[in-house]
Structure formats: C-alpha cells, structure tokens
Amino acid sequence: LSQRLWNKIEYTESIEVLCNKIHPNSEEARADLCRRFPQMVQCRDAELFDCDLPVTFGVALEDLCNGFGVDFTDKTTGRWYPQLPPALVFLCEVMEREAADEDFS
C-alpha cells in the first residue's frame, strides 16, 4: 500500500461512529451499512461498549433480516432476495446441495 493511502486511513471507535462519518445525513443509509457488518464484528463492537449483544436464535426473522441481512441472488433460479441473514443463506444452500427439500414434501 502506498503512503498516500496509509495517510487516509483513520481509526474510529465503533461501527456507529464509522457509519455516521460515511453517511452523516441519512439514517437509512447508516442502518443499511451497519447491517452489512458481519455479526461477529457487531458482537465485538457491542462487547467493547457494554451494549446488549446481537443474537440470532429466538429473534423474529424480520428483526434478524434488518440487523444482519445481506442481499442474495440464488444461483439456480436467478431470483434476488434482499436482506437475508447469512446463516439462513448458508443453511438453504446446504439443504439444496443435499436435496433436503424432498424430505419436506
């Protein structure tokens, strides 16, 4: 990396501060950026600031999608799904590879 690039790198205290610097005038854009951070990063951020840790199990799917969702395009069908939790995407891909849908018919 060039010295010019290193000079542009700036430390921020938290995900919230970073999102505010990138999108200072848009709450919606900040929320969208925040949910794109991996859950592990969000958990560490919460630990550092003594906040409630984000959880996956026992959470309504809509809340989970709003907190951790990523846009996903199904390679088989070409369908696009907005804001799916990565764990759900992984589970569905494994089930498809194993032809698990046959077990539900």
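**View 1. Buried side of helix H4 in the predicted model.** Helix H4 spans residues 39-48, and its residues Gln 42, Cys 43, Asp 45 and Ala 46 are buried (under 20% relative accessible area, with exposed over 50% and partly exposed in between; 1.4 Å probe, protein chains only). Helices are DSSP runs of H or I with at least four residues, numbered from the N terminus. Because the four buried residues cover an arc of only 160° around the axis, they lie on the same side of H4 (the arc is that of the directions from the helix axis to the C-beta atoms). They pack against helix H2 (15-22), H3 and helix H5 (61-68). Met 40 and Leu 48 are exposed, on the face turned away from the buried side. Asp 50, which follows H4, has a positive phi near 50°.

**View 2. Surroundings of Arg 30 in helix H3.** Arg 30 belongs to H3 (residues 27-35) and counts as buried, at 15% relative accessibility. Its side chain makes a polar contact with that of Asn 20, at 3.0 Å (N or O atoms within 3.5 Å; within protein, one able to donate a hydrogen and the other to accept it, and residues adjacent in sequence count only if both atoms are side-chain atoms). Beyond neighbours within four places in sequence, Arg 30 is in contact (heavy atoms within 4.5 Å) with Cys 19, Asn 20, His 23, Pro 24 and Asn 25.

**View 3. Cys 51 and Cys 92.** The whole structure has 0 disulfides (cysteine sulfur pairs within 2.5 Å). The sulfur of Cys 51 is 11 Å from its closest cysteine sulfur, in Cys 34, too far for a bond; for Cys 92 the closest is in Cys 65, at 11 Å, also too far. Cys 51 is partly exposed at 45% relative accessibility, and Cys 92 is partly exposed at 43%.

Residues are numbered from 1 along each chain as its sequence is written, and side-chain values use heavy atoms, leaving out hydrogens and water. As the model is predicted, local features need pLDDT of at least 70 and side-chain atom pairs count only at pLDDT 80 or more, while totals for chains, interfaces and linings use all residues.

Technical notes:
Helix = DSSP H or I, 4+ residues; strand = E, 2+ residues; numbered from the N terminus.
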